[in-house]
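Please read the following report alongside the sequence and the 3D structure shown here.

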Amino acid sequence: MLAIKMLLRGWRGGQLGLIFWSLVLAVAVVTSVALLAERVERALVNQSSAFLAADLAVSSSVPANSEWLERAAVDGIRTARTASFASMTYAGEQMHLASVKAVESTYPLRGVVKRSQIPFATDASVIESVMAAPQPGELWVDSRLLPLLNIELGDSIDVGDGTFTVSQILIEEPDGGSSFSMYGARILMNWQDLPVAAVIQPGSRVSYRFLMAASDTDDGSQFARFSEWLGDELTVHDRIITPDEAQANIAKTMDKGRRFLLLAGSIGVVLAGIALALASHHFANGQLLQVALYKSWGVSARRVRQLYLQQILALGAVGSVAGLIIGWGFHQLLLSAVRDWLPLDLPMAGARPWITGFATGLLCLIGFTLPALWHLPAQSPLAVLRRDIQVASLNSAVRGALGVITIAVLLFWYSNNAYLTLAILLGFAVTGGASIIFGLLLLRLGKTYGQKMGSIWRLALANLWRRKKPSLIQMAGFSGAIALLMIMTVVRTSLIDEWRWQLADDAPNHFLVNVASYELDGVKTLIQRRELNTAGWYSMVRGRLTHINDALPNEDLKRSHESLNRELNLSWTSALPEGNKIIQGQWWDSAALEGPVAESVGLAPVSIEEDIARELGLTLGDQLRFSVGGLVFDAVITSTRSLNWDNMTPNFYFLFPEGYLEEYPRTYMTSLYVPSDKKLMVNELLRKYPTVQVIELDKIIDRIRSIVTQITRGLEMMTLLILGCGVLVMFAAVSLSMSERLQESAILRTLGSSKRLILGVQWVEFSTLGLAAGLLAALGAEFAIAMLQHFMFDQAFTWHPWLWFVGPSAGALLVGVLGVTYSRKAVTQPPLQVLNSL
Amino acid sequence: MIDVSNISKQVSTSEGTLCILDQINLSVKAGETLAIIGSSGSGKSTLLGILAGLDTPSSGTVMIDGQDITAMDEEGRAAVRAGHVGFVFQSFHLLPGLTALENVALPLELQGVSDALKTAEHYLQRVGLAARVTHYPRQLSGGEQQRVALARAFACRPTILFADEPTGNLDTGTGEKINDLLFALNEEEGTTLVLVTHEKNLAARCQRTLELQAGRQIALTNGSQH
């Protein structure tokens, strides 16, 4: 086929290289990100199911309805019931208030239980991962229960009325992260042993879970039907827990990582698109004479169109396939960076990423290359005789619009995120608009002031002004590339900083709660002796919420909401704690406290956490009655707050101003960092002060930290790929005006100009372009970053003064060096040779 | 072969209408050679463009092989060009990315000729460049480049060859050789040749000479030698 032959010759002639590689890069970027996103997504669904030990769970204060079990059995849904409660355990003289979880033999439905025969095992070779639960009569227990009860593996201990054998050390349970062990060491027992132990009595505080998972043969539809049915069956006691909720902490980090990947991928596509548009523009210019020749030989416009269309399609097909292959390779590379926290048998991706990649190639050609070549068939054959005759290319506004539409379609289809699409497009509009307005202004200023400067400057700045249109196109290309690279770098850096800050090496990983006044000094000494530091001590009062608006809470509400059944931690402060945000009402300051509202009715103002307010149906002005050790006081809700759980410092649902709770018996809490080698401190503490509650977050924090580290590594690699795209755009933009520049330089040399003058002119021209582009890029980037941080990454807006410095200087240097390197030919080769080769 | 009656060409400029060609009448028989001469800006190239169907006159008609190409649209003229016309240009117009052989073969391939490369090789041989078929234009001298262009023009077996200042970019010696080759090939192939030149001695080798001055036909004479 002639078109293929022409394509191959064109490739050999070097005119197609830039188009081809831009295309390949666009496809490769999209494919690699899409593949990675889909595979990780699929893995994460499995992974997050593991955090729940199920695909779905119902948490309840009552055992699962037997009807659910029957229906599940009929529908082929796998189920497991669990019950968690606190229970005293005994071994001889020793006793400990343990956190017991009874599970059915089918537990866990997803994920694995890690167990060992060696207490405090950390070495993977002695830890066994099983999808199994303890046999009846056996217990799997937390390592630290052994020293607490002074027992060995294989010994027997009493739980309630039953006696059981400790057969395994429990290292990790899949759903362990979702409920912090509040009552000391964990014990896993079999569901069938519940009647033997007889610990659950009417009125006992038990947290039940009904775990469900799709069977292996289910494509998800059966499970979906079942969960829909179940949704209608739930009562006020029941709450559905999805895998996402089970790991909200990690999900947030991974979600941001995923969003960044998407952003980087989108930026890569846009960059490759710009490179493609510039390269196509350049290619079309080089084809004008050729088409005129064809037409002088009698080739019809239709045939010309056909020939180019065939060539573009063939190029698109080959480029897309190459892009798919390279994209696959790159996704493997990215995967290897984040390998450790992904399951080994990562699910294969479906067809979608491949289709996305291939379609990107075609769409890019339709949006960027075809419009640039559109006018070619209309080229007049007379151009073979008269150089001044040239067909007008497709209106640049139309081309611009087509390019923007293509970018918008690509961005949206690819990211499925309107904010991201809008942010990048608006950033682009700002950069593009500014390029035209300020670009012209800058060029004009340059020309005016250039007159007063030396010959190099005068010539260079006059040149830029004379070539206004290509100069502006180049400037837009450079500034687009620089802006996008800036956006990516800033977002990446701020994300990583945010995570690092959250997860500093010594971030608190244990909470100590319920430390009585008389225990405080002892606990402090114990911590000091271990050379550990606390994040400061907070006072609090333990009290029950007994009445809402003078009435007892109704039974349904009481059963469905834990906080009405237990003692709550009430604390006081004058300043709004860090990370807390007032949602409704007003925070107190000294003036308001003396105001008439609270004083006149003799009520204490209280600020409550917004979720609890919503769940209990409380609003501003509602009155609450608290009972603290039999003493009763009333409060009025003056504000609701949101809390920040990321910073690992104590948070309180109920906060009072100073001066209201001080008279009640108080307890203390703190958070502290306990390194793994000092973990036994917890045992010592619990043995000495059995009523102190220890909340252990170390395992979950370790898990988050390893994930964050690897996501960060993935982001770094992605950044490199996108930098490659940026360089390609620069190349495309520089090559745009090169033949004209070389011709002029050759003529100047023929006229006797020095090498210094010619290179100097090129240097000034390119670095001025780069400087202006960098300045405009800083403007566009600042704008887009503000939007992205606000809408996509939940970050506060910050100025980036360095952009305004680095942008122009890096732009000037980069573009200058690239331009001069490219145009060195003009001074190293004899002028005649240069002219002949054009 | 070519019949031209009353063709004029006007273009509008900012200073009013400019007459580039004024009432040209001309007839060229098959196999005949015609030189169009005149000083710069006399309208030579414009006339050549119109004769070859690359451009249209403001008025008048041009018949090629009995077909009125001035009544045709661009596609129609393209079809006529495809069947009859070949070109040689002052600046050669070889495609820099193609070898000499590919440059010659390209128009044949576009016409769908099956053994394009073989034909091209044959014509390159005839212009004395058999040894340089794989060379790119930048590796060839000006004279060699124009010889490739001649091979390309004749390889399509046109009935009419239009040459626009074929030796205008070459030194005298090389130009002479190219002219010899042009006329030799023309005679062998029996092609009608219309060439534009400002060199009197080249014009003199044609059977007839049309002289233009400011767009007017001031003389149509028989050449001094043939």
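The text below covers the domains, the nonpolar cores and one helix pair.

This is a predicted model, in which local features need pLDDT of at least 70 and side-chain atom pairs count only at pLDDT 80 or more, while totals for chains, interfaces and linings use all residues. Residues are numbered from 1 along each chain as its sequence is written, and chains are lettered from A in the order in which they are written.

The domain bounds of chain A, which come from an automatic or database domain assignment, are as follows.

| Domain of chain A | Residues |
|---|---|
| Domain 1 | 1-54 + 250-416 |
| Domain 2 | 55-249 |
| Domain 3 | 417-508 + 699-838 |
| Domain 4 | 534-672 |

The C-alpha centres of domain 2 and domain 3 of chain A lie 57 Å apart.

The largest nonpolar core (buried Ala, Val, Leu, Ile, Met, Phe, Trp, Tyr and Cys residues joined through C-beta atoms within 7 Å, where buried requires 20 or more other C-beta atoms within 10 Å of a residue's own, with C-beta atoms placed from the backbone) has 198 residues, and A:Leu271 and A:Ile487 have the most contacts inside it. Helix α8 (residues 248-296) of chain A, with 21 residues, gives the most to this core; helices are DSSP runs of H or I with at least four residues. Because domain 1 and domain 3 of chain A both give residues to this core, it lies between them. A second, separate core of 80 residues includes A:Leu56 and A:Ala185.

The axes of helix α12 (residues 418-450) and helix α13 (residues 455-466) of chain A, as lines fitted to C-alpha atoms over the stretch in contact, come within 8 Å and cross at roughly 150°. That angle makes α12(A) roughly antiparallel to α13(A), a label for angles over 145 degrees on a scale from 0 to 180 degrees between N-to-C directions. Residues making the contact (C-beta atoms within 7 Å) include A:Leu443 and A:Gly450 of α12(A) and A:Trp457 and A:Trp465 of α13(A).

Definitions and conventions: Buried ≥ 20, exposed ≤ 12 C-beta atoms within 10 Å, placed from the backbone. Helix = DSSP H or I, 4+ residues; strand = E, 2+ residues; numbered from the N terminus. Parallel < 35°, antiparallel > 145°, perpendicular 65-115°, else oblique. Contact = placed C-beta atoms within 7 Å.
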